[in-house]
Amino acid sequence: MEKVIICVVIGFLLTVGVGYTGTRLDEAHFQATALEHTRSSYVIENPDEIIIGNDHLEIALAKNSGGGIDRIIDKTTGIDLRENKVPPPIIFIMLYWDGSQFDAVLQWDADTIIYSHETTGQMSTITIEYQRFRGNNLNATVTLSLGSQDQMVRFGFAVENHEDFIVRTFYYPVIWGMGSIGDSSEDDEVFYPLGDGFVLKDPLSYHDDFRLTEIYPSTASMQVMAHYDPNETGLYMATDDVEGHPKRFIMDWMEWDDVKHFSAYIQHLVPEYMGNDPVLDYDCLIGTFHGDWMDAADIYREWAETTPFVSAGKYSEGKDTPEWFSRSSVVSSPNQDGGVVHRPLEDIVDITEEFTELTGATTNHLVFAWENEGAWIGPNYFPPAAGEEEFKNATDGIREQGNHAFVYMSGTVWRITRDDIGYENWEYFNTTGRPWAAINEHGEVTIDQGYLTIGWTSARMCPMTDFWHDTVVDNLLAIVDLGVDVVQIDEFPIGSIYPCYNASHGHPVGYSKDIPAAYISILTEARTLGRAANPDLIMSMEQASEFYIPFMDTYVSRHNSPEWMIYPHFVEKYGDDARFVPFFAHVYHEYLTPFGEPIPMNFDYNETFIPQMRRSLARAYIDGMVISGSADWRDNLRPELISLYNRTVRASTDHAHEYLRKGRPLRPPEIDVEDVLVEWYFYSNGTMGRPFNESSVLNTAWVDSDGNVAHTLINWDLEYRSFQMELPAYHLEEGNYTVMITRNGNREVLLWSTELPVTIPMEMEPDDVVLLEVVKRGDEGETSIQLYAYPESDGWNFVSFDLEPEDTTPETILAGIRGSYQRLMYYDTSKGVWVSYVPGREEHFNNIHSWDHRMGVWIKMNADATLYLEGYIPLTTDITLYPGWNMVGYPSDTFRWASDALPSVVTKIGIFNRYAPYNLEYLSNLSEVILAPGRGYWVYNGADTPVIWTVEY
């Protein structure tokens with residue numbers, strides 16, 4: 001139906017030229033008039049137009065086109081964002097059905113148009129009443145409102161339909177005649193909410209084949225689009241709907257007198273019945289802004305954080321997503337598809353354990369093709385292809401390792417045929433599913449046309465029926481009962497908003513907000529019952545959607561590799577002019593962390609595409625995704641990929657975790673490094689895609705929940721890179737800061753004391769994964785530690801210190817007691833190894849390279865001595881406690897009860913006692929232990945995942 005609507009509208013526009021008799025207006029005259037009104041909103045009306053504006057922007061409606069949007073002026077630059085005045089200005093197009101045919105009307109088709117306006121206090125409003133379109137008792141009202149400090153004009157729309165018509169849809173507001181912003185269009189860009197976000201450079205150069213049209217809340221993940229010149233100004237267009245009314249956001253070229261003109265508009269999809277009166281229950285917004293897509297994201301986030309979309313809270317402030325998931329990785333492999341066993345379940349158990357040993361992080365194994373008849377064939381998933389007992393044994397085995405099983409199930413589709421494996425079951429669908437499928441306006445089952453092209457017949461099911469609600473919930477619970485901890489509701493929200501015309505279902509016919517509300521009902525019950533059965537349950541959806549954030553824990557993002565799976569046609573068509581950007585993350589990352597599209601790492605994958613896969617891992621890391629890859633035995637993985645996988649997993653689950661998982665993205669500094677040409681495989685048609693360029697070093701910036709700033713960088717190229725990097729001040733107050741660098745897990749001081757901004761030289765080897773932390777400096781201080789050559793302990797002391805020295809190498813720290821000590825020992829729990837330092841020993845044998853204030857160490861003395869240290873007083877210190885025993889310092893000058901100071905997951909502690917075996921006394925009652933400055937401790941984390949111990953000084 002949607003294709004028919006578009007054809008009718010465009011065809012109608014080509015035939016109504018005689019309906020518009022306006023001429024180009026004297027813009028200079030009316031701009032000069034508007035300048036008289038400052039520091040408040042205003043409305044100016046004259047015979048030719050009516051204008052609403054304030055100090056920020058001005059929108060002019062042309063009366064001789066019935067109130068079409070003629071000008072959108074950015075007051076700062078004076079630029080008109082409707083630069084092309086050749087097509088007549090439009091404000092809306094309405095399509096209706098009179099029982100025999102479709103017809104379309106524009107604003108100038110009303111018999112009578114009445115303009116009125118008022119300014120009350122700081123608010124100005126324009127109201128336009130359109131009476132009797134073409135003599136029919138069909139009317140509409142448009143409103144525009146603007147406050148004195150607003151950046152956006154708010155547009156409202158209502159229809160009064162007193163005829164036996166069905167208003168099928170309307171397009172409002174319509175901006176037709178967008179042109180170059182400033183002197184050239186080459187630096188213009190559009191942003192569109194496709195997936196995580198899509199940016200196209202120089203859209204005016206693609207007038208022959210440029211069209212973006214997606215439905216919200218579905219494949220359009222947010223309600224905003226923009227056209228801008230980063231150095232001039234830009235158009236911002238959005239809706240503020242919190243109830244999920246279906247709508248299309250559209251950017252394309254509309255024709256007038258055989259000439260195409262760039263346009264942006266919103267199609268509102270409404271319930272359909274005779275005499276319906278569609279009314280917008282939300283506002284459409286049009287305004288101007290300065291900057292690029294990140295500036296547009298800042299504007300959108302300011303609104304988004306007032307909506308129900310964030311009602312479940314941030315990860316760092318109480319969202320009930322289990323902590324373990326954010327400290328995990330995802331690997332994937334197929335089990336059994338259409339009778340072909342790709343990977344036995346016992347192998348999947350072993351592969352999962354192997355990856356955990358490799359990365360040191362919890363592993364989620366995404367098991368493809370687990371379903372009874374084959375991959376993505378449902379809703380008849382059970383028993384699993386390998387059998388219920390064998391599947392349950394596998395999930396139990398994965399859990400025993402401390403890991404998790406992960407599967408997909410559909411939330412919207414009933415698969416009827418799958419030609420590639422010979423599956424066909426029309427009988428089952430006809431007898432069980434057909435009454436509950438979505439029906440189109442012709443009374444036919446809605447068959448997904450995209451799947452049909454690959455030989456998969458897939459019926460879209462109606463979520464507003466009890467049958468499909470119960471089917472999805474029951475299937476999820478059955479999967480949980482099989483021992484699965486992560487369940488993705490697949491094919492949702494992608495393709496999830498489609499109309500149903502089956503009145504017997506008891507819902508509004510056509511599109512309505514009842515559709516997403518039905519999905520929320522399904523997700524709410526599934527989450528509630530699923531968590532009751534398994535508190536560790538993680539629920540995922542396919543791709544980003546703001547509307548379902550409170551009910552989900554994660555989503556699969558294709559942003560790290562858009563050309564690999566979902567969006568190859570965009571990359572093929574636009575090449576380097578196309579970019580997929582983390583707009584969604586800039587708005588919502590603190591509320592919903594994605595996992596990256598799993599990418600192949602096996603030897604049987606074409607070596608030509610190793611750069612493509614390395615770049616995909618790099619983008620997943622810097623954008624804060626849970627790292628994902630297609631898994632196989634470690635000896636069948638390409639070393640160029642598995643090494644980068646290992647490093648990105650370790651960094652994102654350990655020292656970079658608080659930024660990449662719980663933090664908010666900031667605008668990263670620009671760096672000048674070489675681009676790399678990326679060749680890629682066009683997965684859907686089996687050809688080589690159009691190569692594109694990507695920066696060899698990728699970087700992002702983050703602020704954590706405490707306001708600390710860090711920069712993430714990764715050299716995914718196979719060449720050494722060097723460059724200069726400026727670290728901005730961002731929101732940080734004036735003062736001295738230390739810049740810490742953690743490179744591939746090794747942390748050291750880069751700059752001890754500096755003001756911001758500061759420019760630093762960076763050198764990065766291939767595979768370097770870097771975190772730069774900007775740490776507020778405390779005051780300078782000094783401390784001392786008494787060390788004894790106890791005969792009872794054979795000279796061993798268990799100690800730490802509470803300052804941050806400028807040089808943390810053991811040789812420097814211990815220089816003052818040289819000759820009085822023999823050895824330093826430390827157990828690195830993150831790697832599961834003992835490391836040591838012996839003065840005078842060959843350097844390559846000494847593997848303690850740094851002793852900082854987070855570490856407790858054993859030091860063997862051969863004479864009593866006092867160790868004096870100078871350094872900076874830490875404000876707070878975060879120490880990662882891994883599952884099991886951890887050897888830690890106590891970087892504080894305050895005595896505290898261990899039960900008060902340590903996280904609740906710590907159940908045992910080991911303290912120095914030179915008379916005890918191995919010089920350690922183990923205690924379970926932490927309320928009997930006082931933590932003291934200068935002491936080292938063994939602490940036992942009884943949880944399955946790492947936790948952060950924040951030590952107050």
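Contact here means heavy atoms within 4.5 Å. The structure is a predicted model, and its protein chain has a mean pLDDT of 92, with 96% of the residues reaching 70 or more. Over residues 1-37, however, the pLDDT is below 50. That stretch nevertheless has 69 contacts in the model beyond near neighbours in sequence.

Glu272 offers a point of entry into the fold. This residue belongs to the loop that runs between β18 (259-269) and β19 (284-289). With a relative accessible area of 10%, Glu272 falls under the 20% limit and is therefore buried. Leaving aside residues up to four places away in sequence, Glu272 touches Ile166, Val167, Arg168, Tyr501, Val509 and Gly510. With one of these, Tyr501, the contact is also polar: the two side chains meet at 2.9 Å.

The cysteines come next. A disulfide requires two cysteine sulfur atoms within 2.5 Å, and the structure holds zero disulfides. For Cys462, the closest cysteine sulfur is that of Cys500, at 4.0 Å, which is too far for a bond. Cys462 is buried, with a relative accessible area of 0%. Cys284 is likewise buried, and its relative accessible area is 0%.

Helix α14 covers residues 639-653 and permits a check of its geometry. Its 15 residues, at 1.5 Å a residue, should span 21 Å, because the expected span counts one less than the number of residues. The end C-alpha atoms are 21 Å apart, in agreement with that value. Among the buried residues of α14 are Leu641, Ile642, Leu644 and Tyr645, as well as Val649 and Ala651. The buried residues also include Asn646, Thr648, Ser652 and Thr653.

Definitions and conventions
Residues numbered from 1 in each chain as written. Predicted model: local features only at pLDDT ≥ 70, side-chain atom pairs only at ≥ 80, totals over all residues. Heavy atoms only, no water. pLDDT = per-residue confidence, 0-100. Helix = DSSP H or I, 4+ residues; strand = E, 2+ residues; numbered from the N terminus. Buried < 20%, exposed > 50% of the residue type's maximum accessible area, 1.4 Å probe, protein only. Polar contact = N/O pair within 3.5 Å; in protein donor to acceptor, adjacent residues only side chain to side chain.
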